[in-house]
Amino acid sequence: MTVAAPVAARPRQSSGRAKATALVLLAGLPLLLALTGPLIAPHTIDTPVTAPFATPGSGAPLGGDQLGRDVLSRVLHGGTLLIAGALLVAVVTTLAATLIGCVAVLRPALGRAVERTADVAILLPPLLGIMLIALAWPGGGRWAVIAAAIILGTPYALRIIAAAASPLVTAGYVEAALARGESTPYIALREILPNLRATVLTLFGLRFVEAVYVISMAGFLQIGPQPPASDWSLMVRENAAGILLNPWAVLAPSLAIAVLAITVNLATLSLAPDITAKAVTRS
């Protein structure tokens, strides 16, 4: 006779929850620092306090940038809009892909149309697409980059959701709902979507990380934020020429982008339900 051994699973579950909690707290630190940075910054973003590319000193813990502005203050100011933009991109992209993908797998004609459209959109090089959309957007700027990231990121997300949802269409509970005559939105939202929690949460983390990199790349290319904004990617571009004089002018914003992306991705992965876990049995 085979019986489940829940006692053996409890330590593993507790360990998993503790790890998830630790990663969430770890991800919260750079987010909290970026959001509260403008309140604790020692100087304004446009006030010179040192010589250009001055090394770290008492007046500027991370030295000065190309205009002698405090690097630390600009780093503390530079993450708020980046995080807000990346969060908006991740939410809209994930939500749109999830809703369309869950409905498309229940309607073959719609599914084929969505798949063909996504395939064509995926063929567009991301950098070229960002430049075309951003340059065609009235006024350009940060909103143009956010719109480009949403438009170009949704097809990838849609294919992932559709691939994960397709096997669920033949599940017994979905077939039972179809037999009861339930509507397509009901089946998509009540029967399929709850079983995609791990995929959706992981996808959200990946979309957030990609949005951070896309917005940062656009800032580095000066497609999005413009000087004198204290955007992290713009700081990297502006201070690249003086990296040998004051490396922190480039390293500090670069590390801020990397730490933000890595910690948020790890946190979302840890929060995703473990769909591969199996019950521990003994005979």
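**A buried arginine and the packing around it**

Good morning. I should like to begin with arginine 74, which is buried, with a relative accessible area of 1%. Everything I shall describe comes from a predicted model.

Which partners does the side chain of arginine 74 meet? One is aspartate 65, in a salt bridge of 3.6 Å from N to O. Aspartate 65 is itself buried, and its relative accessible area is 0%. Arginine 74 also meets the side chain of glutamate 238 in a salt bridge, here at 3.8 Å, N to O. This second pair links distant parts of the chain, since arginine 74 belongs to helix α2 and glutamate 238 to helix α10, 164 residues apart. Is glutamate 238 buried or exposed? The cut-off for a buried residue is under 20% relative accessible area, and therefore glutamate 238, at 16%, counts as buried.

The structure as a whole holds 7 salt bridges. Another of them joins arginine 207 and glutamate 210, whose side chains meet at 2.4 Å, N to O. Where do these two residues lie with respect to each other? They are 3 residues apart in helix α9 and so are separated by about one helical turn. In general, an α-helix has 3.6 residues a turn, so residues three or four places apart point the same way. Arginine 207 counts as buried at 11% relative accessibility, whereas glutamate 210 is partly exposed, at 30%. To return to arginine 74, salt bridges with shared partners join Asp65, Arg69, Arg74 and Glu238 into one network.

Let me now turn to helix α10, the element that carries glutamate 238. How many of the residues of α10 are buried? The helix is mostly covered, with 7 of its 8 residues buried. Those residues are Trp232, Ser233, Leu234, Met235, Val236, Glu238 and Asn239.

One neighbour of α10 is helix α9. In general, two packed helices are described by the angle between their axes and the distance between the axes. For α9 and α10, the axes come within 7 Å and cross at roughly 35 degrees. Their crossing is right-handed. On the α9 side the contact is made by Ile215, Ser216, Gly219 and Phe220, and on the α10 side by Ser233, Leu234, Val236 and Arg237. Sorted by class, this contact of α9 with α10 has 4 nonpolar, 3 polar and 1 charged residues.

Next, the nonpolar interior. The largest nonpolar core has 34 residues, and the members that touch the most other members are Val71, Phe208, Val212, Trp232 and Leu260. Which elements give two or more residues to this core? They are α2 (71-77), α3 (80-104), α5 (126-136), α6 (142-165), α9 (197-220), α10 (232-239) and α11 (248-271). Helix α6 supplies the largest share, 7 residues.

Valine 71 deserves a closer look. Leaving aside neighbours within four places in sequence, valine 71 is in contact with Leu62, Gly63, Gly64 and Asp65, as well as Met235, Asn246, Trp248, Ala249 and Ala252. Among these contacts is Asp65, the salt-bridge partner of arginine 74. Apart from the largest core lies another core, of 20 residues, which includes Ala97, Val105, Leu106 and Ala157.

Helix α6 also packs with helix α3. The axes of α3 and α6 come within 8 Å and cross at roughly 35 degrees. Here α3 passes α6 in a right-handed crossing. What is the make-up of the contact of α3 with α6 by class? The contact has 16 nonpolar, 6 polar and 1 charged residues.

My last local example is isoleucine 133, in helix α5. Not counting residues up to four places away in sequence, isoleucine 133 touches Ala144, Ala148 and Ile151. Isoleucine 133 and valine 145 are 12 residues apart in sequence, with a C-alpha to C-alpha distance of 7.7 Å in space.

To close, the overall picture. The protein has 11 helices and 2 strands. Along the sequence they follow the pattern β-α-α-α-α-α-α-α-α-α-α-α-β. Of the 283 residues, 41% are buried. Among contacts with a separation of 6 or more, 71% are between residues 24 or more positions apart. The salt bridge between glutamate 238 and arginine 74 is one link between distant parts of the chain. Thank you.

Technical notes. Residues numbered from 1 in each chain as written. Predicted model: local features only at pLDDT ≥ 70, side-chain atom pairs only at ≥ 80, totals over all residues. Heavy atoms only, no water. Core = buried A, V, L, I, M, F, W, Y, C linked by side-chain atoms within 4.5 Å. Buried < 20%, exposed > 50% of the residue type's maximum accessible area, 1.4 Å probe, protein only. Helix = DSSP H or I, 4+ residues; strand = E, 2+ residues; numbered from the N terminus. Contact = heavy atoms within 4.5 Å. Axes fitted to C-alpha atoms, helices over the stretch in contact; angles between N-to-C directions. Left-handed = near helix turned anticlockwise from the far one by under 90°. Nonpolar A, V, L, I, M, F, W, Y, C, P; charged D, E, K, R; others polar. Salt bridge = Lys/Arg side-chain N within 4 Å of Asp/Glu carboxyl O.
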